2 protein chains.
Amino acid sequence: MVQQVGNGLRSATVRTRNLSQILTHLHLEGATTRSALGEVTGLTRSAVGALVGELEAVGLVRELPSEPNGSRGRPSPVVDFHDGASGPAVLAFEILVDSMAVAVVGLGCQVLSEHRIARSREQVSAVDTVRDLAGMAQRCVVEAGSPEIIGAGVAVAGLVRRGGEVAVAPNLGWVDVALAELLAAEFADLRSIDVGNEAQLAALAEARRGVAKGFGDLIYISAEVGIGGAVVSAGGPVVGHGGFAGEVGHIPVNPAGRTCACGAIGCWETEVGERALLRRAGMDSDGGRVEVGRLIELAREGDATASEVFRETAGWIGFGLAGLVNVMNPQMVVLGGMYREAFEFVGDVVVDRLATRVLEPLRKVLVVPSSLGADAALLGAAELAFDRMLPDPVRWRTS
Amino acid sequence: MVQQVGNGLRSATVRTRNLSQILTHLHLEGATTRSALGEVTGLTRSAVGALVGELEAVGLVRELPSEPNGSRGRPSPVVDFHDGASGPAVLAFEILVDSMAVAVVGLGCQVLSEHRIARSREQVSAVDTVRDLAGMAQRCVVEAGSPEIIGAGVAVAGLVRRGGEVAVAPNLGWVDVALAELLAAEFADLRSIDVGNEAQLAALAEARRGVAKGFGDLIYISAEVGIGGAVVSAGGPVVGHGGFAGEVGHIPVNPAGRTCACGAIGCWETEVGERALLRRAGMDSDGGRVEVGRLIELAREGDATASEVFRETAGWIGFGLAGLVNVMNPQMVVLGGMYREAFEFVGDVVVDRLATRVLEPLRKVLVVPSSLGADAALLGAAELAFDRMLPDPVRWRTS
């Protein structure tokens with residue numbers, strides 16, 4: 001809307017953008033023939049060849065023997081990134097309330113190794129958490145064949161400032177935690193450690209490689225103890241001024257409702273969060289994922305109460321989503337976390353509720369479960385780490 | 001978030017972008033010295049000179065005699081667009097429920113002439129509306145000194161499809177109106193007629209030239225009979241998949257509330273729209289702007305009921321806004337329409353409500369009245385029209 005008044009575009013930057021575009025295409029789509037890269041970039045065969053050569057020289061891509069393609073003329077060479085430990089990789093971390101995970105991930109989002117452990121809800125300090133993650137990461141790197149690690153990304157269930165500080169993570173009990181710094185102290189060799197909100201990063205992964213691939217206008221809902229979210233508009237994340245956008249859990253939905261952990265009354269989280277679900281079922285509202293899992297099992301077995309609990313909760317999911325859909329006009333809503341697992345019991349009710357509460361022209365919205373499942377945020381953290389290199393890959397490798 | 005995989009950037013496009021950047025800077029900031037344009041674009045003096053020459057040759061800019069600046073060396077020539085009828089201009093149209101307006105607007109958003117008339121709420125057909133606008137436009141062009149008209153923009157209080165069709169304008173009583181086509185039939189010579197939602201266009205104008213200038217993350221609320229809105233994220237509009245984003249009036253806020261014109265219960269509009277305000281005041285809820293004006297007058301005179309009506313309504317404004325702020329993390333919320341006029345009676349309550357309902361890290365949000373007032377959407381329509389030319393100005397003039 002506001003025209004960017006930044007630097008004029010000089011020819012030197014054109015080369016960088018073309019290098020970035022080629023590597024990004026390989027990262028997202030996998031091995032591609034040189035001639036297809038020409039179509040993608042709109043560049044000539046020789047220009048593509050020169051750019052691929054530059055990427056090859058810094059160890060980012062390789063050319064494979066081309067296979068005859070049946071048509072006349074020379075077959076076009078195939079360009080790919082390096083497999084496994086022979087290429088650069090990133091460390092991906094995920095810190096949720098009930099679990100934490102580490103993975104080593106190569107270009108193209110190849111997961112070379114991964115560890116996930118349960119996390120106690122007794123509030124573990126950030127320092128302890130980081131120490132645990134560091135130990136897991138060391139094992140992961142060895143298991144991955146010790147590739148070159150070029151950076152790290154962290155997904156955390158909290159509000160993250162631009163710069164990597166966790167402003168507040170209510171369900172972790174963290175306030176003002178310099179998470180990137182703490183991690184940097186454990187990993188002195190890492191060039192970059194970027195931290196993001198878990199829902200924003202899960203949405204990033206779903207938009208690049210999951211169910212939302214190709215969908216530019218998107219709402220992602222992450223349901224755990226708290227309700228997180230992320231909005232993607234025209235292919236880009238809505239980040240917000242401080243980087244905190246997506247706190248959908250605190251949309252007011254019920255003026256006559258319960259007090260939220262944030263202090264306000266009737267936030268969406270008080271109607272659709274894990275505690276609300278368990279409370280409706282008459283279960284221990286602090287029972288966590290184990291109890292939610294039990295409730296889903298009960299619903300699968302046909303238990304009437306469990307089904308009714310999901311139906312009622314789904315009505316509230318739809319109520320809050322309706323506002324988001326009217327405001328954002330997305331093409332797709334992705335339900336992640338516990339509502340991915342319970343999608344079979346909530347999906348239809350949510351869709352029905354949207355049909356009555358969303359203005360007619362905005363109603364053509366797909367409601368789907370997350371496809372990357374429990375790993376969505378972890379894969380998003382890997383994407384975040386690669387995003388340091390992708391905009392200017394040769395410079396990142398040589399500077 | 002999703003990397004754009006479009007065309008590779010060729011050197012030819014660099015020139016176009018630089019031309020666009022220079023003209024856009026002049027359009028937004030006014031007359032600028034050549035040396036300042038060098039700083040803005042990062043280009044050399046000679047490169048800027050060549051680009052300015054190109055823009056001059058197609059009648060878009062002119063160089064003014066430079067004034068001595070007191071420092072050593074030659075003073076830098078000043079570059080400006082043409083004043084008044086000597087430069088290209090656009091037609092701007094605005095169709096609201098209670099009024100419609102036409103203006104002729106030059107580069108830099110110089111309003112060369114303007115007509116605004118009251119519009120009857122008895123549902124006037126789109127054909128009649130367009131005929132009235134055409135007559136007003138003819139007079140406006142003559143009054144403006146008959147400049148070259150290079151395009152038109154239209155702001156309408158309705159949901160607008162990409163392409164310029166009004167999908168639905170509930171408060172105008174329009175469904176599926178090909179507004180751009182109807183206008184094109186009246187203005188055969190116009191190269192472009194672009195139609196947008198009035199709140200989205202008012203936000204565009206506020207972000208480029210109004211109170212929100214320099215604020216990249218923004219929520220604009222337009223309050224008339226209906227409640228419209230627009231979201232700006234990182235300097236760009238959130239448009240939505242179908243172009244319909246911003247229907248904030250239909251955020252559910254009160255499960256125990258009233259039935260909305262859209263058919264749903266408890267939409268934000270049912271608590272903060274014009275009818276809700278007048279109903280609370282015990283006035284005719286269809287009394288329109290005249291009655292709202294009377295209520296504002298009463299509050300100014302210290303009438304206790306009128307003040308209480310605004311206080312209660314402001315609580316609901318804050319309730320709905322809190323959700324938007326938690327989701328979007330804007331730097332600024334701009335209240336337009338009737339809440340611009342009544343800002344003195346609602347502003348503080350809205351701010352208080354946000355303080356209790358928005359998560360702490362997102363609370364630093366400015367709440368301000370619209371600064372462009374009644375003309376915001378009209379000026380936004382002019383910006384929309386200029387946006388046809390600004391990305392590739394020389395080509396637009398010569399093709």
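This is a short tour of a predicted model, with stops at how its two chains are arranged and at its two largest pockets.

**Stop 1: the two copies**

Start by colouring chain A and chain B separately. Turn chain A by 180 degrees, with a shift of 0.0 Å along the axis, and it can be laid on chain B with an RMSD of 0.0 Å. The two copies are thus related as by a two-fold rotation axis. Want a landmark for that axis? Select A:V253: in chain A, its C-alpha is the one nearest the axis, at 2.7 Å.

Next, show the interface residues on both sides. Of those in chain A, 99% are also interface residues in chain B, so the copies meet through the same surface.

**Stop 2: the largest pocket**

Now head over to chain B and select B:V195, B:G196, B:Q200, B:V239 and B:L384. Of the 22 residues that line the largest pocket, these lie nearest its centre. The volume of this pocket is about 530 Å³.

Which elements should you highlight around the largest pocket, each supplying at least two residues of its lining? Pick β11 (193-197) and α6 (198-209) of chain B. β11(B) is the top contributor to this lining, with five residues.

Colour the lining by residue class and you should find nine nonpolar, seven polar and six charged residues. Then try colouring by domain: domain 2 (86-201 + 377-398) and domain 3 (213-371) of chain B each provide at least three residues of the lining.

**Stop 3: the second largest pocket**

Hop across to chain A for the next pocket. Select A:V195, A:G196, A:Q200, A:V239 and A:L384, which lie nearest the centre of the second largest pocket, out of 21 lining residues. Two elements of chain A give two or more residues to this lining: β11 (193-197) and α6 (198-209). With five residues, β11(A) has the largest share.

This second largest pocket has a volume of about 450 Å³. By class, its lining splits into nine nonpolar, six polar and six charged residues.

One last thing to look at here: where does the second largest pocket lie with respect to domain 2 and domain 3 of chain A? Colour domain 2 (86-201 + 377-398) and domain 3 (213-371) to see. Both give residues to the lining, so the pocket lies between them.

**Before you close the viewer**

For a final view, show β11(B) and β11(A) together: β11(B) gives the most to the lining of the largest pocket, and β11(A) gives the largest share to that of the second largest.

Methods:
Residues numbered from 1 in each chain as written. Chains lettered and ligands numbered in written order. Predicted model: local features only at pLDDT ≥ 70, side-chain atom pairs only at ≥ 80, totals over all residues. Heavy atoms only, no water. 1 Å grid on protein atoms, 1.4 Å probe; cavity = no way out; pocket = protein on both sides within 12 Å on 5 of 7 lines; lining within 4 Å. Points joined across faces, edges and corners; volume = space filled by probe spheres on them. Helix = DSSP H or I, 4+ residues; strand = E, 2+ residues; numbered from the N terminus. Nonpolar A, V, L, I, M, F, W, Y, C, P; charged D, E, K, R; others polar. Domains from an automatic or database assignment. Least-squares fit on C-alpha atoms with pLDDT ≥ 70 in both. Contact = heavy atoms within 4.5 Å.
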